[in-house]
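Biologist: I'd like to learn how to read pockets and cores in a model. Can you walk me through one?

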Amino acid sequence: MPLVYLSPSNQNYNRYICGDTDEAVQMRRIAMKIAEGLHTYGCAAHLAGETLTMEQRIEEANRIRADCYLSLHSSAGGGEGIEGLFAPQKEGSKDLCELLYHELQQVAPRPGRGVKDGMQAYGGLGYAELRLVRVRPVMLRVGFHDRPEDAGWICGHTADIASALATGLLKYWSGRDESTERKNETHSEDQEYYRLYIQYGIYPDVESAVRASAQMGELGFRRLMLFGQ
């Protein structure tokens, strides 16, 4: 199964217009729920640490060879609605962005702003999380935190937002031949990799196994799989 890197905004200075909260708190709430949903279906998710800078997150995602990178933000500036951003030069970025945007639009309270080329920002330099991440980077803006309707929806519908995005990620990977894709991937490092399988534990029920899987994922272990009798 794929490894999804989740990078929720850490911009705690972006205060919400309602709810006595901020962008960092709300995006991490959503990311944590996404990780829980993915782990339930055996998909590995790595949630970026709260103290990591953007540069450190990008480096970490590349180092652990994440199969996709999802950056979560809310916006400001008087607009409304969700928005998806992709890197056109990165294979799979646009397709994944469009799918995630579609799933999120199904639960959003109003029409969104569409899916856009994120490399057009900053005079063509593009967003760093799209430019520097090697594989399938996507940035989603889930609404405007300076608009009461959007801010209230984000704060009150964490589970719905996370469920939509987890569903989109699972739909994207379902039926894909991951082994073939990995053979075709190119990496800048001239390095040979070896895979080691370790049994972490045996549990009396699936709920306990899922919790253990989530804990190991948070510690940075990837490719976690659950096996039943």
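Biologist: How much space lies in the second largest pocket?

Modeller: Keep in mind that this is a predicted model. The second largest pocket holds about 360 Å³ of space.

Biologist: Which residues lie closest to the centre of that pocket?

Modeller: Start from the lining, which has 24 residues here. Closest to the centre are Gln11, Met54, His73, Glu129 and Met139.

Biologist: And which elements give two or more residues to the lining?

Modeller: Those are β1, α2 (54–63), β3, α5 (128–131) and β6. β3 gives the most, with four residues.

Biologist: How many of the lining residues are nonpolar, polar or charged?

Modeller: By class, you get eleven polar, eight nonpolar and five charged residues.

Biologist: Now the core. Which residues of the largest nonpolar core touch the most other members?

Modeller: A nonpolar core is a set of buried residues joined through side-chain atoms within 4.5 Å, so you can rank members by whom they touch. In this core of 37 residues, the top ones are Leu6, Ile30, Ile34, Leu70, Leu72 and Leu169. Elements giving two or more residues to this core include β1 (3–8), α1 (23–40), β3 (68–75) and α7 (158–173). α7 has the largest share, eight residues.

Biologist: What is Leu6 in contact with, leaving aside neighbours within four places in sequence?

Modeller: Leu6 is in contact with Ala31, Ile34, Ala35, Ala45, His46, Leu47, Ala48 and Leu70. There's also another core apart from the largest one, with eleven residues, among them Ala48, Ile58, Ala61 and Ala128.

Terms used
Residues numbered from 1 in each chain as written. Predicted model: local features only at pLDDT ≥ 70, side-chain atom pairs only at ≥ 80, totals over all residues. Heavy atoms only, no water. Buried < 20%, exposed > 50% of the residue type's maximum accessible area, 1.4 Å probe, protein only. Contact = heavy atoms within 4.5 Å. 1 Å grid on protein atoms, 1.4 Å probe; cavity = no way out; pocket = protein on both sides within 12 Å on 5 of 7 lines; lining within 4 Å. Points joined across faces, edges and corners; volume = space filled by probe spheres on them. Nonpolar A, V, L, I, M, F, W, Y, C, P; charged D, E, K, R; others polar.
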